[in-house]
Amino acid sequence: MKSTEKLENSVSELIRKYGSEEALFAYAEYNPMEAEMGGYSNYSYWRSTINAFLKNKVAFFFLCLLVTLLVFTLIQPYLPGQKDPTEIFWVGDMTDKNHQPDSQYWFGTNSIGQDLWARIWNGTRTSLFIGVVVAIVNATIGISVGALWGYVPHLDR
């Protein structure tokens, strides 16, 4: 069956359904409430983006892992039993250097007797702090310079 025959058949079915060709092509009545709803759509870009992201299980898993590490990095020093990263531990009159990992020192100690677990998480906090400060300074300077160049044309050479 050709496409023109399909079209003719569908038009014939509509004419049979509505009774006449004039009923098919009658003017629609104006309704102000329906006119206001003509452009309405409940589509949301961010909802669509989040739904697409949540469908990707690998990406969602790594986001959860990243958030967990970030939260743990921030709360680690406040957990019970955590050691000071700069404290040197002694065994008698000697430092407890190069202690192997056990229940007291989860990652062991370094060559001067400091707890590696505490030092690693302290370094992570320091790195995150530096990254956030650099991002804030970069955004502040970038927005300020961009605004100046946008409003004062002779500054933009």
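**Entry 1: aromatic rings**

I began with the aromatic rings of this predicted model, and my count came to eight aromatic pairs. I looked up the pair of Trp 106 and Trp 117, whose ring centres lie 4.7 Å apart with 55° between the planes, and I noted this pair as tilted. This pair links distant parts of the chain, since I found Trp 106 in the loop between β2 (94–95) and α6, whereas Trp 117 sits in helix α6, 11 residues apart.

I then asked whether each of the two partners is buried or exposed. Trp 106 has a relative accessibility of 52% and therefore counts as exposed, because the cut-off for that word is over 50%. Trp 117, with a relative accessible area of 12%, is buried, because that word applies under 20%.

Trp 117 also pairs with Phe 107, and here I wrote down 5.1 Å between the ring centres and 80° between the planes, so this pair is edge-to-face. My reasoning for that name was that planes over 60 degrees apart count as edge-to-face. Phe 107 lies in the loop between β2 and α6, 10 residues from Trp 117 in helix α6, and this pair too links distant parts of the chain. Phe 107 is partly exposed, with a relative accessible area of 40%. Finally, I recorded that Phe 72, Trp 106, Phe 107, Trp 117 and Trp 121 form one aromatic cluster.

**Entry 2: helix α6**

Next I checked the length of helix α6, which covers residues 116–151. At 1.5 Å a residue, its 36 residues should span 52 Å, and I found its end C-alpha atoms 52 Å apart, which agrees with the expectation. Which residues of α6 are buried? I listed Trp 117, Ala 118, Trp 121 and Arg 125, and I noted that what covers the buried residues of this helix includes α5 (57–75).

I also looked up Ala 147, which has its place in helix α6 and counts as partly exposed at 35% relative accessibility. The C-alpha atoms of Ala 147 and Asp 93 are separated by 62 Å, while the two residues are 54 residues apart along the chain.

**Entry 3: Arg 125**

I returned to Arg 125 in helix α6 and asked which side chain of opposite charge is nearest to this residue. That side chain belongs to Asp 84, 7.9 Å away, and Arg 125 has no salt bridge although the residue is buried. The step is easy to follow, because a salt bridge asks for a side-chain nitrogen of Lys or Arg within 4 Å of a carboxyl oxygen of Asp or Glu. I did find that the side chain of Arg 125 reaches the backbone oxygen of Thr 73 at 3.0 Å. With neighbours within four places in sequence left aside, Arg 125 is in contact with Thr 73, Gln 76 and Pro 77.

**Entry 4: Asp 96**

My last look-up was Asp 96, which I placed in the loop between β2 and α6. Asp 96 is buried, with a relative accessible area of 10%. Asp 96 and Asp 115 are 19 residues apart along the chain, and I noted a separation of 9.5 Å between their C-alpha atoms. Beyond the neighbours within four places in sequence, the contacts of Asp 96 are Phe 89, Trp 90, Val 91, Tyr 105, Thr 109 and Gly 113.

Note on methods:
Residues are numbered from 1 along each chain as its sequence is written. This is a predicted model: local features need pLDDT of at least 70, side-chain atom pairs count only at pLDDT 80 or more; totals for chains, interfaces and linings use all residues. Side-chain values use heavy atoms; hydrogens and water are left out. Helices (H or I, at least four residues) and strands (E, at least two) are DSSP runs, numbered from the N terminus. Buried means under 20% relative accessible area, exposed over 50%, partly exposed in between (1.4 Å probe, protein chains only). Lys and Arg count as positive and Asp and Glu as negative; His and the chain ends are not counted. A polar contact is a pair of N or O atoms within 3.5 Å; within protein, one must be able to donate a hydrogen and the other to accept it, and residues adjacent in sequence count only if both atoms are side-chain atoms. Contact means heavy atoms within 4.5 Å. Rings of Phe, Tyr and Trp (its six-membered ring) pair if their centres lie within 6.5 Å; planes under 30 degrees apart count as stacked, over 60 as edge-to-face and the rest as tilted. The expected span of a helix is 1.5 Å times one less than its number of residues.
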